[in-house]
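Visitor: I would like to understand how the words used for a protein model follow from its atoms. Could you take me through them step by step?

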Amino acid sequence: MEDKTLLYIRNLHVWYRVYGGYLKVLNGVNLSVRKGERVGLVGEAGCGKTTTMKSILQILPPRDSVIPEGEILYMGKDVLKMNFGELQRLRSKEVAVIFQDPTAALNPVFTIGAQLGDIIRYSIALEEKKVHKEKIKTLSARALKEVYMPDPERILTNYPFQLSGGMRQRVCIAMSISSPRNLLIADEPGTSLDVTIQDQILRLLREIVEKKETSIILITHSLGVAREMTDRIYVMYAGTIVETAPAKDLFKNPAHPYTKGLLASVPKISGGGIARGIPGRIPDYLNPPQGCRFQPRCEHASPSCEEKPPQLVQIDRDHFVACYLAQR
Amino acid sequence: MAQQENSEILKVINLKKYFRIGKDKKGPIYVRAVDGVSFGVKYGETLGLVGESGSGKSTIAYTIVGMYRPTSGQILFKDKNIGVQATKRPLALKREIQIVFQDPGSSLNPRQTIEQILRLPLRLHTQTPPRQLREKMVELLEKVELPPDYLYKSPPSIGGGEKQMVAIARALAPNPSLIVLDEPTSALDVSVQAKIINKLMDLQKELNLTYLFITHDLSLMRNVANRIAIMYLGKICEVADAVTFFEKPLHPYTQMLISSVPVVTEEEERLKPKKVVSIGEIPSPVNIPPGCSFHLRCPYKMPICSEVDPEMVEVASGHIVRCHLFSRTENK
């Protein structure tokens with residue numbers, strides 16, 4: 001089991017420096033990704049999903065962020081202790097990211113060919129000294145063909161504004177798979193798109209991941225997307241992992257009150273109305289609650305919840321929950 | 001009241017809204033945002049208007065509240081034609097139709113306090129004596145479950161869900177009978193969305209309101225709307241009540257939409273049509289394809305589809321489809 005682990009995040013804390021002190025955003029995140037595994041990271045806005053993604057790649061704002069505790073082991077090596085060269089190798093050869101908003105991810109003043117070509121040139125240049133322009137062009141066109149772009153040669157000469165949102169996201173996916181990667185991080189890949197286009201993009205992603213046997217971390221706020229795309233789901237609330245289970249188990253027996261509340265809030269196409277939602281809102285990260293971070297919104301809260309944050313405890317095979325309720 | 005049960009508070013007849021964006025040799029170029037839409041909203045019901053971005057659903061909302069002047073067609077409110085801009089409408093009519101916008105961050109003035117935001121509609125549309133204004137405002141906040149001290153806060157200092165609640169309170173202030181909800185929860189998290197939707201439904205019962213609910217979220221409509229209308233490229237392609245809609249979707253586009261919704265239970269999985277897989281993209285409303293506007297993406301495409309635009313056909317009581325598959329006159 002151990003040697004199959006690709007990424008292992010242990011007790012990660014990330015703080016952001018602001019005027020009034022530190023925003024204690026991540027508060028002990030534990031997460032692991034095995035080779036070829038599809039992992040979903042689910043949580044509401046502001047829970048630290050993107051911060052987790054950024055700390056894996058070390059692209060947090062360097063002056064304003066602090067990592068006081070924790071380790072991120074990528075194939076056994078701590079990302080936090082890597083030097084610049086190793087980090088560049090990690091970013092160009094090992095891990096690729098697909099961002100939420102393809103319009104912001106692409107540079108509006110360069111053609112698709114130039115941007116895609118740059119990435120391919122860089123990844124080849126690590127091995128070969130001399131790179132032919134023709135080779136880059138054929139590789140770019142092949143990458144676009146892999147994401148089912150019609151007429152790849154023409155698209156290479158287009159600018160991002162000439163493409164639709166779905167096409168732009170396809171270009172971003174093509175960029176991320178232009179050279180073989182071991183881990184793909186998709187940060188809300190369909191959120192800014194329409195449902196039918198989101199469906200197409202997710203199907204494409206699933207196909208690529210299965211064909212290339214890449215691991216994927218799918219960051220999303222939608223439980224439905226996570227259910228259809230992943231093997232294992234991590235539910236995140238206010239900078240902590242509150243529950244993790246294989247996708248099927250999570251939807252059958254959610255154990256954490258937050259997961260239950262979230263699931264009940266999702267409107268179903270089979271009807272049955274909508275639950276009352278979860279009262280309150282995400283805590284102030286400047287002064288987060290001492291104990292369980294969900295306790296101020298939790299209807300089962302007891303005095304012990306206020307003292308110490310609960311740890312992840314196994315309640316079923318591969319099913320872990322951070323809640324005192326499940327431990328009793 | 002009994003007479004009102006089945007009559008329509010709002011009736012839209014063959015509404016068209018074109019935007020001119022330039023011209024070439026052949027003449028002016030138009031974006032045909034809304035291209036011949038007819039529907040009715042009954043007293044006290046919620047009609048869900050669902051469509052992807054660019055389908056013209058927001059344009060309809062803005063035309064109904066009077067932000068745009070329709071290119072042609074009629075909008076009847078309580079059997080009176082109101083197809084003119086809001087500036088030309090009588091005050092009493094403006095009072096009756098209110099709107100809640102998608103993004104409360106930009107629909108509420110950040111430099112105003114919530115007291116100022118709520119005061120204006122009260123002063124304009126109601127005869128509340130100045131001394132009772134504050135009392136009335138606190139009452140409005142109570143309706144959306146916000147404490148009275150929120151009167152002195154400004155929008156940037158409160159959460160997204162609370163901001164939307166203020167926007168709802170503002171829409172309620174003039175005591176309207178029809179509220180147009182333009183994607184009121186799409187910028188919010190699901191747990192907050194659930195809270196707002198429940199509040200809206202409670203308010204509807206309590207105050208006898210009619211909603212025109214505009215959204216791209218089909219699964220939300222299943223739980224909120226009485227009837228659903230699906231829009232594609234400025235036209236309505238299917239109208240039915242919310243339950244039949246998911247049990248017997250007829251139009252291929254509706255089936256594609258439902259099969260694309262990410263779901264969380266097995267039961268929902270069974271409702272999804274398996275045959276129709278999402279392909280292609282919504283064409284530009286400047287160059288709407290001839291014939292049925294959906295034929296480029298349709299799996300059941302027939303030769304006639306690229307030539308003749310289908311008519312609206314009522315296949316069952318209250319279930320209307322615009323598709324050649326269901327045309328009564330058999331076309332060869």
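Visitor: Which residues does B:Ala169 touch, not counting residues up to four places away in sequence?

Guide: This is a predicted model, and in it B:Ala169 touches B:Leu118, B:Leu140, B:Leu141, B:Lys143 and B:Val144, when residues up to four places away in sequence are not counted. Two residues are in contact if their C-beta atoms, placed from the backbone, lie within 7 Å.

Visitor: What makes B:Ala169 a residue to mention when we speak of the largest nonpolar core?

Guide: The largest nonpolar core has 182 residues, and B:Ala169 is among those that touch the most other members, together with B:Val180, B:Leu212, B:Phe213 and B:Ile230. A residue is called buried if 20 or more other C-beta atoms lie within 10 Å of its own, so members of such a core have to meet that count.

Visitor: How many residues of each chain are buried, given as a percentage?

Guide: In chain B, buried residues make up 45% of the 332 residues, while in chain A 46% of the 328 residues count as buried.

Visitor: Why is chain B called as compact as a globular protein of its length?

Guide: The secondary structure of chain B comes to 11 helices and 12 strands. Its radius of gyration is 21 Å, and the globule rule gives 20 Å for 332 residues, so the two values are close and chain B is as compact as a globular protein of that length. The C-alpha atoms of chain B fill a box of roughly 70 × 55 × 45 Å along the principal axes.

Visitor: What does the comparison with a compact globule give for chain A?

Guide: Chain A, which has 13 helices and 12 strands, has a radius of gyration of 21 Å, and this agrees with the value near 20 Å that a compact globule of 328 residues would have. Its C-alpha trace spans about 70 × 50 × 45 Å along the principal axes.

Visitor: Why is one side of β2 and of β5 in chain B left without a neighbour in the sheet?

Guide: The open sheet of four strands in chain B has the order β2-β1-β4-β5, with antiparallel pairing. Strands β2 (27-42) and β5 (80-81) of chain B stand at the edges and each has a single partner strand, so one side of each is left without a neighbour in the sheet.

Visitor: How do you know that β4 and β5 of chain B pair?

Guide: Two strands pair if DSSP finds at least two bridges between them, and β4 (residues 72-77) and β5 of chain B are joined over two bridges in the antiparallel sense, so the condition is met. As for the residues, B:Phe77 has B:Lys80 in β5(B) as its bridge partner.

Visitor: What makes β6 and β11 of chain A edge strands?

Guide: The open sheet of eight strands in chain A has the order β6-β7-β8-β3-β9-β10-β12-β11, with mixed pairing. Strands β6 (95-98) and β11 (313-316) of chain A each pair on one side only. Strand β6(A) pairs with β7 (residues 183-187) of chain A in the parallel sense over four bridges, and A:Val97 stands opposite A:Ile185 in β7(A).

Visitor: Which element of chain B gives the most to the side that touches chain A?

Guide: The contact takes 33 residues from chain B and 36 residues from chain A. On the side of chain B that touches chain A, α7(B) gives the most, with eight residues, and the residues of that side divide into 15 nonpolar, 11 polar and seven charged.

How values were computed. Residues are numbered from 1 along each chain as its sequence is written. Chains are lettered from A and ligands numbered from 1 in the order in which they are written. This is a predicted model: local features need pLDDT of at least 70, side-chain atom pairs count only at pLDDT 80 or more; totals for chains, interfaces and linings use all residues. Ala, Val, Leu, Ile, Met, Phe, Trp, Tyr, Cys and Pro count as nonpolar, Asp, Glu, Lys and Arg as charged, and the others, Gly among them, as polar. The radius of gyration is taken over C-alpha atoms; the globule rule is 2.2 Å times the number of residues to the power 0.38. A residue is buried if 20 or more other C-beta atoms lie within 10 Å of its own, exposed if 12 or fewer, and partly exposed in between; C-beta atoms are placed from the backbone. A nonpolar core is a set of buried Ala, Val, Leu, Ile, Met, Phe, Trp, Tyr and Cys residues joined through C-beta atoms within 7 Å.
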